[in-house]
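Student: I have a structure in front of me and I would like to know how its descriptive terms are justified. Could we go through them one at a time?

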Amino acid sequence: MAKKATKAKPAAKKAAKAPAAKKAVKKAPAAKKAAKRKPNPALMKPVQPDAVLGAVVGTKPAPRGQITKKLWDYIKKNGLQDAKNKRNINADDALKAVFGGKKTVTMFEMTKLVSNHISA
């Protein structure tokens, strides 16, 4: 019987330690929510597109992001994005004027070319 009692004691000790271990581990306080990112005021400032770009995106002043969005809407509406290489844009007559006569430009080159048609 003594053997059974000694075997029961370690099990009892383990059972006693388990709740104590749970108590020792405390939950970390709720992390503070990250501050909301504020948009850059310089990018939100309305800019005026010239007549060439205005034919595609409209002539009213708008932030650069909105002009780019309208340009992409025009490209997708008219199916001007290259089917094989989605980074390329195939220009129609209106976009050729914006792109300086280039037939095909990359999307990265497009933003550079569009900035030539925007005045602050």
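Tutor: What follows is a set of questions and answers on this predicted model.

Student: What is the pattern of helices and strands along the protein chain?

Tutor: The protein chain has six helices and four strands. Along the sequence they come in the pattern α-α-β-α-α-β-α-β-α-β.

Student: What share of the protein chain counts as buried?

Tutor: Of its 120 residues, 22% count as buried. As for contacts with a separation of 6 or more, residues 24 or more positions apart account for 28% of them.

Student: Why is Asn88 called buried?

Tutor: Buried means under 20% relative accessible area. Asn88 has 17% relative accessibility, so Asn88 counts as buried. Asn88 is found in strand 2, residues 88-90. Leaving out residues up to four places away in sequence, Asn88 touches Leu80, Gln81, Asp82, Thr104, Val105 and Thr106.

Student: What makes helix 4 and helix 6 oblique to each other?

Tutor: Helix 4 covers residues 64-77 and helix 6 covers residues 107-115, and the two pack at an angle of about 125°. Roughly perpendicular ends at 115 degrees and roughly antiparallel applies over 145, with the rest counted as oblique. The angle of about 125° falls in that remainder, and helix 4 and helix 6 are therefore oblique. Their axes are 12 Å apart, and helix 4 passes helix 6 in a right-handed crossing.

Student: Which residues meet where helix 4 and helix 6 pack?

Tutor: From helix 4 they are Arg64, Ile67, Leu71, Trp72 and Ile75, and from helix 6 they are Met107, Met110, Val114 and Ser115. The residues of this contact divide into seven nonpolar, one polar and one charged.

Student: How do you know that the buried residues of helix 6 line one face of the helix?

Tutor: The buried residues of helix 6 are Met110, Leu113 and Val114. Seen down the axis of helix 6, they fall within an arc of 100°, so they line one face. In general, an α-helix has 3.6 residues a turn, so residues three or four places apart point the same way. Phe108 and Lys112 are exposed on the other side of helix 6.

Student: What covers the buried residues of helix 6?

Tutor: The cover includes helix 3 (51-57), helix 4, strand 2, helix 5 (93-98), strand 3 (104-106) and strand 4 (118-119).

Student: Why does His117 count as buried, and why is Ala51 called exposed?

Tutor: The cut-offs are under 20% for buried and over 50% for exposed. At 14% relative accessibility, His117 is under the first cut-off and so counts as buried. Ala51 has a relative accessible area of 65%, over the second cut-off, and is therefore exposed.

Student: Where are Ala51 and His117?

Tutor: Ala51 is in helix 3, while His117 is in the loop between helix 6 and strand 4. Ala51 and His117 are 66 residues apart in sequence, and their C-alpha atoms are 8.3 Å apart in space.

Student: Which residues is His117 in contact with?

Tutor: With neighbours within four places in sequence left aside, His117 is in contact with Gln48, Pro49, Asp50, Val52, Leu53, Ala97 and Val98.

Student: What makes Asp73 partly exposed?

Tutor: Partly exposed lies between the cut-offs of 20% and 50%. Asp73 has a relative accessible area of 45%, which lies between them, so Asp73 is partly exposed. Asp73 lies in helix 4.

Student: Is Val56 buried or exposed?

Tutor: Val56 has a relative accessible area of 13%, under the 20% cut-off, and is therefore buried. Val56 lies in helix 3. Not counting residues up to four places away in sequence, Val56 touches Leu71, Tyr74, Ala94, Leu95 and Val98.

Student: How far is Val56 from Asp73 and from Lys70, C-alpha to C-alpha?

Tutor: Asp73 and Val56 are 9.9 Å apart in space and 17 residues apart in sequence. Val56 and Lys70 are separated by 8.1 Å, with their positions 14 residues apart along the chain counted as the separation.

How values were computed:
Residues are numbered from 1 along each chain as its sequence is written. This is a predicted model: local features need pLDDT of at least 70, side-chain atom pairs count only at pLDDT 80 or more; totals for chains, interfaces and linings use all residues. Side-chain values use heavy atoms; hydrogens and water are left out. Axes are lines fitted to C-alpha atoms, for helices over the stretch in contact, and angles run from 0 to 180 degrees between N-to-C directions. Angles under 35 degrees count as roughly parallel, over 145 as roughly antiparallel, 65 to 115 as roughly perpendicular and the rest as oblique. A crossing is left-handed if the near helix is turned anticlockwise from the far one by less than a right angle, and right-handed if clockwise. Contact means heavy atoms within 4.5 Å. Ala, Val, Leu, Ile, Met, Phe, Trp, Tyr, Cys and Pro count as nonpolar, Asp, Glu, Lys and Arg as charged, and the others, Gly among them, as polar. Buried means under 20% relative accessible area, exposed over 50%, partly exposed in between (1.4 Å probe, protein chains only). The arc is that of the directions from the helix axis to the C-beta atoms.
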